[in-house]
Amino acid sequence: MELSSDRREHTRYRVDDAAFAFSDSRFPGRICDISMGGLAFAFIDQDAADSQMSEIDIMDTSNGFFLEKIPCSSITSKIMQNDTPFSVLRIARKSVRFGDLSEDQKDALEDYLMNCTLGTV
């Protein structure tokens, strides 16, 4: 169950199209939004939308940001409506909650959110 925006603990931020999340070869995807508490990303579903995750990497190619091995857990996963007629690709959206971040990870993520994002959602 997704939380409404007024119940969220952390402010969510928009990112440009060059921000990606990776958990393994099955989950490279474009980040939709991110906060200190987690992120949501869209990816091509290969029957893996319901797979659980324990770590994720974040990379933003527009500014060289890279943060690896962020502990996380899956919150939601759903197949998205595909607006392209006759497309055989299924796009999924997965939301993850970050686990206990190291101080270095917290500092790097906070710096990224304050200096490299496109504003709040």
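This report describes the fold, the helix, the nonpolar core and several individual residues of a predicted model.

## Overall fold

The chain contains one helix and seven strands. Along the sequence these elements follow the order β-β-β-β-β-β-β-α, with the helix after the strands. Of the 121 residues, 36% count as buried. Contacts between residues at least 6 apart in sequence include many that reach further along the chain: 57% of them join residues at least 24 apart.

## Helix α1

Helix α1 covers residues 103–115. Its 13 residues, at 1.5 Å a residue, should span 18 Å, and the C-alpha atoms at its ends are 18 Å apart, so expectation and model agree. The buried residues of α1 are Q105, L109, Y112 and L113. Viewed down the helix axis, these buried residues fall within an arc of 95°, and therefore they line one face of α1. The face turned away from that buried side carries E103, D104 and N115, which are exposed.

What does the buried side of α1 pack against? Its partners are the strands β1 (13–14), β2 (19–22), β3 (29–34), β5 (55–60), β6 (65–79) and β7 (91–98).

Q105 is one of the buried residues of this helix, with a relative accessible area of 11%. Beyond its neighbours within four places in sequence, Q105 is in contact with L67, E68, K69, I70 and P71.

## The nonpolar core

The largest nonpolar core has 23 residues. Within this core, I31, I34, L39, F41, I56, I58 and F98 touch the most other members. At least two core residues come from each of β2, β3, β4, β5, β6, β7 and α1. The strand β6 gives the most, with four residues.

Two of these well-connected members can be followed further. I31 is found in strand β3 and is buried, with a relative accessible area of 0%. Leaving out residues up to four places away in sequence, I31 touches V15, A19, F20, A21, L39, A40, F41 and I58. The C-alpha atoms of I31 and A18 are 8.4 Å apart, while the two residues are 13 apart in sequence.

With the same exclusion of residues up to four places away, I58 touches F20, I31, I34, L39, F65, F66, L67, I70 and F98. I31 and I58 therefore appear in contact with one another, at heavy-atom distances within 4.5 Å.

## Residues in and around strand β4

A40 lies in strand β4 and counts as buried at 2% relative accessibility. Its contacts, apart from neighbours within four places in sequence, are R30, I31, C32, D33, R93, K94 and S95. A40 and R97 are 57 residues apart in sequence, yet their C-alpha atoms are 8.9 Å apart in space.

D45 lies in the loop between β4 (38–44) and β5. Is this loop residue buried or exposed? D45 is buried, with a relative accessible area of 8%. The side chains of D45 and R90 are joined by a polar contact of 2.2 Å. R90 is also among the residues that D45 touches once those up to four places away in sequence are left out, the others being I79 and A92.

## K69 and the cysteines

K69 is found in strand β6. Its phi is near 55°, a positive value in a residue other than glycine. Most residues other than glycine have a negative phi. At 51% relative accessibility, K69 counts as exposed, because the cut-off for exposed is over 50%. K69 is also one of the residues in contact with Q105.

C32 and C72 fall into separate accessibility classes. C32 counts as partly exposed at 21%, since the buried class ends under 20%. C72 is buried, with a relative accessible area of 8%. A disulfide is a covalent bond between the sulfur atoms of two cysteines. The count of disulfides in this model comes to zero.

## Accessibility of selected residues

The table gathers accessibility values for residues discussed above.

| Residue | Relative accessible area | Class |
|---|---|---|
| I31 | 0% | buried |
| A40 | 2% | buried |
| D45 | 8% | buried |
| C72 | 8% | buried |
| Q105 | 11% | buried |
| C32 | 21% | partly exposed |
| K69 | 51% | exposed |

How values were computed:
Residues are numbered from 1 along each chain as its sequence is written. This is a predicted model: local features need pLDDT of at least 70, side-chain atom pairs count only at pLDDT 80 or more; totals for chains, interfaces and linings use all residues. Side-chain values use heavy atoms; hydrogens and water are left out. The expected span of a helix is 1.5 Å times one less than its number of residues. Buried means under 20% relative accessible area, exposed over 50%, partly exposed in between (1.4 Å probe, protein chains only). The arc is that of the directions from the helix axis to the C-beta atoms. A disulfide is a pair of cysteine sulfur atoms within 2.5 Å. A polar contact is a pair of N or O atoms within 3.5 Å; within protein, one must be able to donate a hydrogen and the other to accept it, and residues adjacent in sequence count only if both atoms are side-chain atoms. A nonpolar core is a set of buried Ala, Val, Leu, Ile, Met, Phe, Trp, Tyr and Cys residues joined through side-chain atoms within 4.5 Å.
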